[in-house]
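Reader: Hello! I am new to this structure and would love a close look at a single part of it. Could you pick one sheet, walk me through it, and then show me what belongs with it?

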Amino acid sequence: MDYSRFLNAVARKREPLLIRELFALQQKAPRDVVFLTTGVPNPDTFPIVSGSLQLRDGRTLTLDPGKMEQCLQYGPTPGYPPLLEQLRALTQKLHSPPGWGERELVVTTGSQSGLLMAMEMMLNPGDPVLVEQPCYTGALSIMSPHSPRFLPVEADEYGLRPDSLRAALSPWNPQDIRQATQGVPKFLYTVPTGSNPTGVVATEERRREVYKIAQMYNLIILEDDPYYFLQYHGKSFAPSYLQLDADGRVLRFDSFSKVVAAGLRVGWVTGPKPLIRKLNLHKGAAVISTASMSQVIISELLALWGDEGLDQHTHYLRQYYVAQRDAMLQAANKYLTGVCEWSVPTGGMFLWLKVCGVRDTWTMLLERGLEKRVMLVPGQGFMVDSTKPCQYLRASFSSTTPEEMDKGLCNLAQLIKEETELQKSVPLLKHG
Ligand SMILES: Cc1ncc(COP(=O)(O)O)c(C=O)c1O
């Protein structure tokens with residue numbers, strides 16, 4: 001594939017930074033070469049020399065002086081080499097992407113920074129962009145300042161709707177779109193697993209159909225998948241877009257935020273080498289390297305766990321969040337039956353509620369929510385046009401107790417009741 005058409009003028013201008021190239025060279029050079037090049041601080045001045053972290057399972061993760069020195073020093077831009085190796089092995093094991101030799105990985109400061117770099121590498125002001133609707137707010141916040149022309153692609157309980165994707169692309173002829181560099185959609189952004197905010201896991205059939213359309217129109221798929229391990233449908237996982245990627249048109253964003261710890265800020269992007277190289281140049285300019293301490297901790301943890309330990313941990317996470325989800329569903333059934341509509345989340349951390357008798361959840365929540373002692377995210381935040389009224393809201397079940405969920409949804413039911421009454425009285429007031 002020719003990737004140059006996907007890059008905007010800024011990304012095309014990004015060149016390797018000499019000082020970073022020399023740093024990379026130093027990592028591989030024979031030990032007797034005297035490098036008087038990089039301005040890294042002298043480790044002898046670091047005030048911390050070693051450390052140990054207590055794990056929940058009783059074990060200890062030890063950072064001896066050698067490891068600690070790596071934690072406290074700059075690292076190579078693509079990532080801490082042992083972690084990169086582990087992520088390569090993990091990605092290959094989980095997704096067996098075709099044409100593995102043509103792909104590369106880069107560690108990112110959470111998947112958010114990967115998304116920002118990828119979108120800012122491709123977007124031109126005013127470009128049409130295909131986004132799943134409803135859409136993760138963090139992705140909208142990256143794209144919106146570039147004033148794109150959002151082409152929303154509707155999703156239902158099976159994932160992105162191919163008919164909606166075709167309709168969004170219908171103004172263009174596939175032949176014209178395939179080569180153009182500007183003014184045509186170049187990528188599709190989607191969260192296929194446990195969508196934020198809907199909790200939907202896209203089916204294999206849908207993913208295959210969407211991938212075919214992407215092939216036809218020569219689109220890059222931005223597969224944002226931080227909830228990959230949080231799938232609750234019991235069967236085996238649907239193949240990721242990366243797994244289906246025969247052409248090299250998928251940039252996949254993974255994250256340790258929901259799996260290990262969000263505060264460590266470690267994720268990774270997998271994709272075709274030419275695009276990952278550009279992300280690396282952006283990353284080098286933006287942050288030099290991801291926090292070494294975070295990368296070493298993740299790497300050491302993965303090494304201690306091994307494949308089996310990681311499997312056990314992700315199994316535990318699924319069990320934990322399924323119980324949380326079920327507590328939320330129990331409260332929803334108790335208080336919101338007949339008031340709201342929802343489908344059972346098959347992944348992720350959210351329940352997406354449609355409030356039947358309320359035109360706009362924004363005013364309801366932001367004007368009267370606190371008074372009623374409940375707050376949720378109004379649906380508008382997830383819509384490409386946030387000026388339109390929206391009947392939806394997002395309830396998170398990740399970190400509240402079943403008692404809090406019960407109380408929260410009880411309060412919500414009362415809030416909705418009052419709002420419905422209020423809306424009924426508005427036309428009466430207007431018409432005297
Ligand atoms: C769909 C989606 N993508 C990306 C992110 C950002 O994750 P990270 O913490 O890895 O930056 C989130 C965080 O909630 C998310 O829900």
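Author: Happy to! One definition helps at the start: two strands pair if DSSP finds at least two bridges between them. Please also keep in mind that this is a predicted model. The mean pLDDT of the protein chain is 94, and 98% of its residues reach 70 or more.

Let us begin with the pair formed by strand β4 and strand β5. Strand β4 covers residues 128-133 and strand β5 covers residues 149-156, and the two run in the parallel sense with 6 bridges between them. To find this pairing on the model, look for Val129, which stands opposite Phe150 in β5.

Now widen the view to the sheet that holds this pair. The open sheet has 8 strands, and going across it you meet β3, β10, β9, β8, β7, β4, β5 and β6 in that order. The pairing within this sheet is mixed. At its edges stand β3 (103-108) and β6 (159-160); each has a single partner strand, so one side of each is left without a neighbour in the sheet.

A helix belongs in this picture too. Helix α5, made of residues 110-122, lies across β3, β7 (187-190), β8 (220-224), β9 (250-255) and β10 (267-272). Its direction makes an angle of about 160° with β9. The helix also leads us to the ligand: α5 gives the most to the shell around the ligand, with 3 residues. That shell counts 13 residues, and those that come nearest are Gly110, Gln112, Asn196, Ser255 and Ser257. Sorted by class, the shell has 8 polar, 4 nonpolar and 1 charged residues.

Back to β4, where the chain leaves the strand. Gln133 and Pro134 are joined by a cis peptide bond, with omega at about 0°. Pro134 itself sits in the loop between β4 and α6. Another backbone detail belongs to the loop between α9 (204-216) and β8, where Asn218 is found. Asn218 is not a glycine, yet its phi is positive, at about 50°.

Where does our strand pair stand in the whole chain? The domain assignment gives domain 1 as 4-41 + 63-306 and domain 2 as 317-430. The C-alpha centres of domain 1 and domain 2 lie 32 Å apart. Their contact takes 25 residues from domain 1 and 19 residues from domain 2. Here β4 and β5 come back: along with α6 (137-143), each supplies at least two residues of the side of domain 1 that touches domain 2. By class, this side of domain 1 has 14 nonpolar, 10 polar and 1 charged residues.

For a contrast, look at another open sheet, with 4 strands in the order β11-β12-β14-β13 and antiparallel pairing. Here β11 (340-341) and β13 (377-378) are at the edges, each with a single partner strand, so one side of each is left without a neighbour in the sheet. Within this sheet, β12 (residues 350-355) pairs with β14 (residues 392-396) in the antiparallel sense over 5 bridges. A handy landmark is Phe350, which stands opposite Ser396 in β14.

One last word of care: over residues 428-432 pLDDT stays under 50, and the model has 0 contacts for them beyond four places in sequence.

Note on methods. Residues are numbered from 1 along each chain as its sequence is written. This is a predicted model: local features need pLDDT of at least 70, side-chain atom pairs count only at pLDDT 80 or more; totals for chains, interfaces and linings use all residues. Two residues are in contact if their C-beta atoms, placed from the backbone, lie within 7 Å. Axes are lines fitted to C-alpha atoms, for helices over the stretch in contact, and angles run from 0 to 180 degrees between N-to-C directions. A residue is near a molecule or strand if its C-beta atom, placed from the backbone, lies within 6 Å of it. Ala, Val, Leu, Ile, Met, Phe, Trp, Tyr, Cys and Pro count as nonpolar, Asp, Glu, Lys and Arg as charged, and the others, Gly among them, as polar. pLDDT is the predictor's confidence in each residue, from 0 to 100. Domain bounds come from an automatic or database domain assignment.
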